[in-house]
Amino acid sequence: MQPGDIESVLRENRSFAPAASFLAGARLQPADIEKLRQRAAADHTGFWAEQARTQLQWHKPFTVILDESTAPNYRWFPDGQLNVSLNCLDVHLASRGDAPAILFEGEPGDRRRLTYRELHAAVCRLANALRSLGINAGDRVVIYLPMVPEAVIAMQACARIGAVHSVVFGGFSAGSLRDRIEDAGARLVITADGGHRGGHVIELKAAVDKALEGACATIENVLVLQRAKNAVSMRAGRDLWWHEVVDRQSALCDPAWVDAEHPLFLLYTSGSTGKPKGIQHSSAGYLLGAKLTSQWVFDLQPSDVFWCTADVGWVTGHSYVAYGPLAAGATLVMYEGAPTIPDAGRFWRICETHGVTVFYTAPTAIRALMKLGDEIPARYDLSKLRLLGTVGEPINPEAWIWYHRVIGGERCPIVDTWWQTETGAIMISPLPSAVATKPGSCTLPLPGIDAAIVDDAGNAVSSPEAGGYLVIRKPWPSMLRTIWGDNERYLATYWEKFQNRYYVAGDSAHRDADGYFWIMGRIDDVLKVSGHRLGTMEIESALVAHPRVAEAAVVGKPHDIKGESVFAYVVCRGARPTGDTRAFVDELRNWVSEQLGAIAKPDDIRFADNLPKTRSGKIMRRLLRAIARGEPITQDISTLENPAIVDQLRGVDAGAHS
Ligand code: PRX
C-alpha cells in the first residue's frame with residue numbers, strides 16, 4: 001500500500017481481520033473470547049471473582065468480591081491477602097526458573113540477561129536491604145532510576161515487603177522530584193549515579209541532591225546504583241551505594257502478606273490543576289488487570305519476547321514492563337536509551353537481536369521512525385514479530401498503516417490500546433484473534449469493562465458518530481483507589497460530574513456503526529506531548545515563577561511527530577519584550593525545562609501586553625488554541641477587553657516573536 005491510498009482507507013473505513021497465521025498460535029481463540037464476554041456481561045462481579053481466583057495466588061482467599069459501601073472508593077476482594085512479587089516471580093520458579101525474564105540492552109550497547117531465578121534472587125536481596133534500612137510495609141519509596149533491570153528489581157522489591165513505590169520519570173527535574181517526594185512523604189529514594197540517554201549521561205544523583213537540599217525532611221536514606229560511573233557526591237550517613245548494601249544480602253526473602261487493597265504504588269500524573277496527583281493503585285486488583293490484559297491483549301505466552309518501549313516512569317512501564325508480563329511468565333526486553341542512538345536502526349536492531357515477538361510503543365515513536373524512511377527497518381529481520389501495539393494518544397491512520405505494512409509485514413495485528421494511569425490496565429482494545437481492527441480506532445471494551453459514551457446529562461449517546469464523554473459505568477478491579485492524600489480531589493475529578501454513577505475518563509470519544517470507539521482527545525486542560533501527560537496549569541505556574549513573567553497561558557498545538565506541542569503566551573512584568581527576543585525565549589524555555597523537565601519545554605513562546613479575557617476575567621483558551629493552530633477565529637471576540645490584542649497574539653504585530 002502506498003501513502004496515497006490512506007485517504008481512501010479512511011473513506012472506506014477499511015478493517016483488517018486477524019491474520020490466519022496469528023490466529024493459529026493465539027492463546028485465546030474467538031470462541032474463548034465470546035465465552036469471556038458473555039460471562040462478564042451476565043455476572044460482572046462473579047466474572048471478576050473467577051478471574052481473581054484462577055489468575056492470582058492467594059495467601060488468604062477472599063470471600064467478599066466487591067465492597068461498595070464506600071463507593072466510589074471501591075474495594076475489590078477486600079478480605080483476601082497475597083503478595084504481588086510472589087505472583088510475578090516465585091510462581092514461575094519451578095516451571096520456568098531458568099527461562100529468561102529480562103533481556104537488557106544499555107544505550108552504550110552493554111547487555112544483560114536475567115533468568116526468573118536470577119531476577120527473584122536480585123529482588124529478594126534488595127527487599128532484605130530495604131528491610132535492613134528500616135523500610136516497612138506501607139512506607140513510601142521513591143524510585144528515580146534509568147531504564148535498567150534494577151528499576152524493575154526496585155519496584156518488585158518494594159512489592160515484596162509491602163512498601164509503596166512511587167516511580168518518578170528520570171526525565172523529570174529536581175523540582176518535580178522534590179514535589180513528588182514531599183507529597184508522598186517518602187523515607188527512601190532509590191536512584192543511580194546516572195543513566196545513558198541520547199548519547200549523554202543523565203545525572204540522576206545530582207538531581208536527587210538538589211531535590212533534597214533543605215527539603216524532603218522525611219527522607220532518611222538515598223540508595224545509589226552505580227550505572228554510568230559519573231562522579232557523584234555521597235553524603236555520609238544518608239547516601240549508600242547499592243552494591244555495598246544489597247550484594248551481601250540473602251537471596252531469599254519471605255514475602256509480606258498484604259491485604260488485596262494494600263497500596264502497591266503511587267504514580268503522579270498531570271491533571272487540570274497545577275499540582276500533579278498521586279494516583280493510588282491497589283495490590284490484587286491492579287495485578288489482576290495487568291496480568292489478564294498481558295495475556296488477553298498481547299497474547300503473551302512463555303515463548304514470547306515482549307518489548308514495551310515505555311519507561312518505568314509512566315504507567316505503561318508499570319503494567320507492561322514491571323508487572324503484567326512477569327506475572328504472565330513472558331520474557332521482556334528492556335532498553336535504556338533513545339531510539340536513534342547510535343543510529344536510526346536501533347529499535348529494529350534490538351527487535352532482530354533479541355527475537356522480539358510482540359512490540360508495544362507510542363504513536364509518537366512510530367511517527368518519528370516513519371519519517372526516517374522504510375529503508376531503515378528493511379535492513380533488519382523483523383520476521384519474528386507477530387503482534388504490534390500502540391498506546392498513549394490517538395494514532396493517525398497514516399502511521400497505523402506504516403506500522404502495519406513496514407514493521408508488521410502486513411501479518412501482525414495491531415492492538416491500539418486505550419487506557420490511563422488511573423485505569424491501571426488496558427480497557428478498550430482489540431483482542432487480536434477476534435476483533436478486526438480499523439486504523440485509528442481502539443475498537444471495543446475488554447470483557448468486564450463497561451465503557452460507554454454519554455451526553456452532558458449522563459445519557460448514553462444513541463446515534464453512531466455522536467461524540468460525548470467517555471465513561472466507565474461499572475467498577476473494575478485495576479481502577480485507581482484514590483488520589484494520595486486528597487480523596488476530595490478524587491471524587492471531584494472522576495465522579496462528581498455524573499453524581500458518582502460513572503467514572504469520567506476526561507476524554508471525549510464517539511462510536512461508529514459497528515460500536516467501535518474512536519478517542520477524540522482530552523476534554524480538560526491536559527496536553528499529550530509525545531504521549532506524555534502535561535497539565536497546562538503546571539507549565540503556566542512554572543512560567544509565572546520566572547521573575548520577569550507576570551502571566552502565562554499554555555495551549556496545545558498539533559505537531560507532526562509529538563502529536564501535540566506546548567505553545568505558551570506570556571505577559572511580562574514591565575514592557576513587552578520586542579525586537580530580537582530569541583535569547584529571552586530560550587531562557588524561558590530552559591527555565592520551564594529546569595522547573596519541570598525537558599518534556600514540558602514550550603516549542604513556541606509568544607509575548608503579549610495582556611491575555612485575551614472575557615469581561616468576567618476568564619482567559620479565552622479556545623481563542624488562544626485557534627491562534628496557535630493558525631485557524632480562523634470563529635469565536636466572538638467582541639467581549640474581549642482589548643480586541644487589538646489579537647494581532648499581538650497572532651504574532652503579526654511587529655513586537656511579537658515566536
Ligand atoms: O487521552 C487518552 C490518551 O492518554 C490519556 C491517558 O494518559 P496517561 O495516563 O499518561 O496514560 C497513557 C498510557 C496508558 C487518555 O486519557 N490515550 C491513551 N491511550 C490512547 C489514548 N488516546 C487515544 N488512543 C489510545 N490508544
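Tutor: Let us begin with a word we will need: contact means heavy atoms within 4.5 Å. This is a predicted model, in which local features need pLDDT of at least 70 and side-chain atom pairs count only at pLDDT 80 or more, while totals for chains, interfaces and linings use all residues. Residues are numbered from 1 along each chain as its sequence is written, and side-chain values use heavy atoms, with hydrogens and water left out.

Student: Which residues does H196 touch, not counting residues up to four places away in sequence?

Tutor: Helices (H or I, at least four residues) and strands (E, at least two) are DSSP runs numbered from the N terminus, and H196 is found in strand β9, residues 195–197. Buried means under 20% relative accessible area, exposed over 50%, and partly exposed in between, with a 1.4 Å probe and protein chains only. H196 is buried because its relative accessible area is 17%. Setting aside residues up to four places away in sequence, H196 touches E107, P108, V201, R227, A228, E336 and G337.

Student: Is D636 buried, partly exposed or exposed?

Tutor: Look in the loop between α20 and α21 (645–650), where D636 has its place. Because its relative accessibility is 49%, D636 counts as partly exposed.

Student: Which residue stands opposite P100 in β5?

Tutor: Two strands pair if DSSP finds at least two bridges between them. Strands β4 (residues 100–105) and β5 (residues 111–115) pair in the antiparallel sense over 5 bridges. They form a hairpin with 5 residues between them, and G109 in the turn has a positive phi of about 110°. Opposite P100, in β5, stands T115.

Student: Which strands stand at the edges of the sheet β12-β11-β8-β6-β7-β14-β15-β23, each with a single partner strand?

Tutor: That order describes an open sheet of 8 strands with mixed pairing. Each edge strand has a single partner, so one side of each is left without a neighbour in the sheet; these strands are β12 (239–241) and β23 (482–483).

Student: What angle does the direction of helix α9 make with that of β8?

Tutor: Strand β6 (residues 140–144) and strand β8 (residues 188–192) run parallel, joined by 4 bridges, and Y144 stands opposite T191 in β8. Helix α9 (residues 204–212) packs on this sheet, touching β6, β8, β11 (221–225) and β12. Angles run from 0 to 180 degrees between N-to-C directions, with axes as lines fitted to C-alpha atoms, for helices over the stretch in contact. Between the directions of α9 and β8 the angle is about 150°.

Student: What is the average twist from one strand to the next in the sheet β28-β29-β30?

Tutor: These 3 strands form an open sheet with mixed pairing. Its edge strands, β28 (549–559) and β30 (604–607), each pair on one side only. From one strand to the next, the twist averages 25°.

Student: Which strands does helix α19 touch as it packs on the sheet?

Tutor: Here β28 and strand β29 (residues 563–572) pair in the antiparallel sense over 10 bridges. Helix α18 (residues 536–544) lies across β28 and β29, running at about 140° to β28. Helix α19 (residues 582–596) packs on the sheet, and the strands touched are β28, β29 and β30.

Student: Which residues of the largest nonpolar core touch the most other members?

Tutor: A nonpolar core is a set of buried Ala, Val, Leu, Ile, Met, Phe, Trp, Tyr and Cys residues joined through side-chain atoms within 4.5 Å. The largest core holds 147 residues, and apart from it lies another core, of 31 residues, among them L103, V356, I376 and Y380. Within the largest core, the members touching the most others are L126, I190, W296, F298 and Y323.

Student: How many residues of helix α12 are buried?

Tutor: After α12 comes G329, whose phi is positive, near 75°. Helix α12 (residues 315–327) is largely enclosed by the rest of the structure because its buried residues number 13 of the 13.
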